[in-house]
Amino acid sequence: MNKTERQLAITLELQRSKVLRAEDLAAQFETSVRTIYRDIQALSEAGVPIVGAPGQGYSLMDGYFLPPVGFTAEEAVALIMGTDFIEQRLDSLYGSVAKTSRRKIEAILPEPVRFESTRVRETMHLLHTSEPVTGIKERDYLGEARRAILERRKLSFTYQKTLPESDGNRKSRREVAPYGLMFIQGNWILIARCDLRQDIRHFRLSRMTELAMLEEPFLVPPGFDLSRYRQKDDRNLQVLVRVNPEIADRILETGNFYMESTEESTDGLLFTFRVRHPEELLPYVLSWGGNVEVLEPESFRCRIREEADKILKRY
């Protein structure tokens, strides 16, 4: 980024934010604080009304706005493909907004940039895979959850758990305080404090039924920041699996987030997975068939054998 581009970007950041310190701008644009001071001085001399408050930072004078900013072909492609993603993955309200935004962006582009952005865009495509049966319901739930988060109101729903309770029941009724939404490996996850568990839990929207927004309000804990939030890693159980090298690429392509490491051995590849419960890996191991062998723990080997016996009896 050259000096002119950086000074324009600084002005846009000041227009977007109320107050910014020189240190924050320096970190954002990967330059020195002294350089930011020079940029601020240059912008002030060029007529940009920047106000500096000692110990607080810089801000733009109220009422000052930049004229419409032009886009390069690459920037236009990034924005338009962003609207494609939003239309595909967010609820109907934002899907409609994404379409409108895309039309507006395309309308304001100069003809040469529009032509070039179209040409670049034709070389890339966000493949929208067919939705599961719950796709439409999940989008509706996404909109409802988003509204509950903004309005600070609790949600209630029936949740289909991955593992059954001791009585075999997998369904559980929950009331939660929704803090935010994350899109993880193709799934929308609600981050919420669960009244039943008295702690923050993750809930897949695709596993919910009977979702409803309640009248009961809630407060987000002071200091909670969704962008910095990380789930506590309690996957403490290791599962060792020997894999036929011929399907190793297939396993790697799944992007399985339980996978910890791989290691070559004389009779195949050794894959180490880290899980909370071995049952989490059960459907994956069964789908890989006779090309894999669970080595550890022994209890999981027995579980695989039980499932194999059940399959054999059916055939």
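Begin by selecting R242, which at 22% relative accessibility counts as partly exposed in this predicted model. Its value lies above the 20% under which a residue would be called buried, and therefore R242 falls into the class between buried and exposed. Now add E293 to the selection: the side chains of R242 and E293 meet in a salt bridge, with 2.8 Å from N to O. This pair links distant parts of the chain, since R242 sits in strand β8 (residues 237-243) and E293 in strand β11 (residues 292-296), 51 residues apart. E293 is likewise partly exposed, with a relative accessible area of 31%. Widen the selection to D267, E298 and R301, and you will have the one network in which salt bridges that share partners join these residues with R242 and E293.

Staying with charged side chains, move next to strands β3 and β7. Select E215 in strand β7 and R153 in strand β3, two residues that are 62 residues apart in the chain and whose side chains form a salt bridge of 3.2 Å, N to O. Are the two partners buried or exposed? E215 counts as exposed, at 67% relative accessibility, whereas R153, at 18%, counts as buried.

A further salt bridge can be found by selecting K154 and E216, whose closest N and O atoms are 3.2 Å apart. Here too the pair links distant parts of the chain, with K154 in strand β3 and E216 in strand β7, 62 residues apart. K154 is buried, with a relative accessible area of 10%, while E216 counts as partly exposed at 38%. In the structure as a whole there are 25 salt bridges, and those visited here are among them.

Now colour the sheet to which these two strands belong. Five strands make up an open sheet in the order β6-β5-β4-β3-β7, and their pairing is antiparallel. Which strands lie at the edges? They are β6 (199-204) and β7 (208-217), each of which pairs on one side only. As you rotate the view, note that neighbouring strands of this sheet are turned by 45° against each other on average, with direction ignored.

To look at one pairing in detail, show strand β3 (residues 153-160) together with strand β4 (residues 171-184), which pair in the antiparallel sense over six bridges. Within this pairing, select Y159 and then S172, its bridge partner in β4.

From the sheet, turn to the nonpolar residues. The largest nonpolar core has 20 residues, and those with the most contacts inside it are L190, F203 and M208. The elements that give two or more residues to this core are α7 (135-151), β3, β4, β5 (187-194) and β7. Which element provides the largest share? It is α7, which contributes five residues.

Select M208 and display its surroundings, leaving aside the neighbours within four places in sequence: M208 is then in contact with K137, Y141, F157, T158, Y159, L190 and F203. Among these contacts are L190 and F203, which are named with M208 as having the most contacts inside the core, and also Y159, the residue whose bridge partner in β4 is S172.

For the last stop, select V241, L281, V292 and F300, which are included in a second, separate core of 19 residues.

Key: Residues are numbered from 1 along each chain as its sequence is written. This is a predicted model: local features need pLDDT of at least 70, side-chain atom pairs count only at pLDDT 80 or more; totals for chains, interfaces and linings use all residues. Side-chain values use heavy atoms; hydrogens and water are left out. Two strands pair if DSSP finds at least two bridges between them. Helices (H or I, at least four residues) and strands (E, at least two) are DSSP runs, numbered from the N terminus. Axes are lines fitted to C-alpha atoms, for helices over the stretch in contact, and angles run from 0 to 180 degrees between N-to-C directions. A salt bridge is a side-chain nitrogen of Lys or Arg within 4 Å of a carboxyl oxygen of Asp or Glu. Buried means under 20% relative accessible area, exposed over 50%, partly exposed in between (1.4 Å probe, protein chains only). A nonpolar core is a set of buried Ala, Val, Leu, Ile, Met, Phe, Trp, Tyr and Cys residues joined through side-chain atoms within 4.5 Å. Contact means heavy atoms within 4.5 Å.
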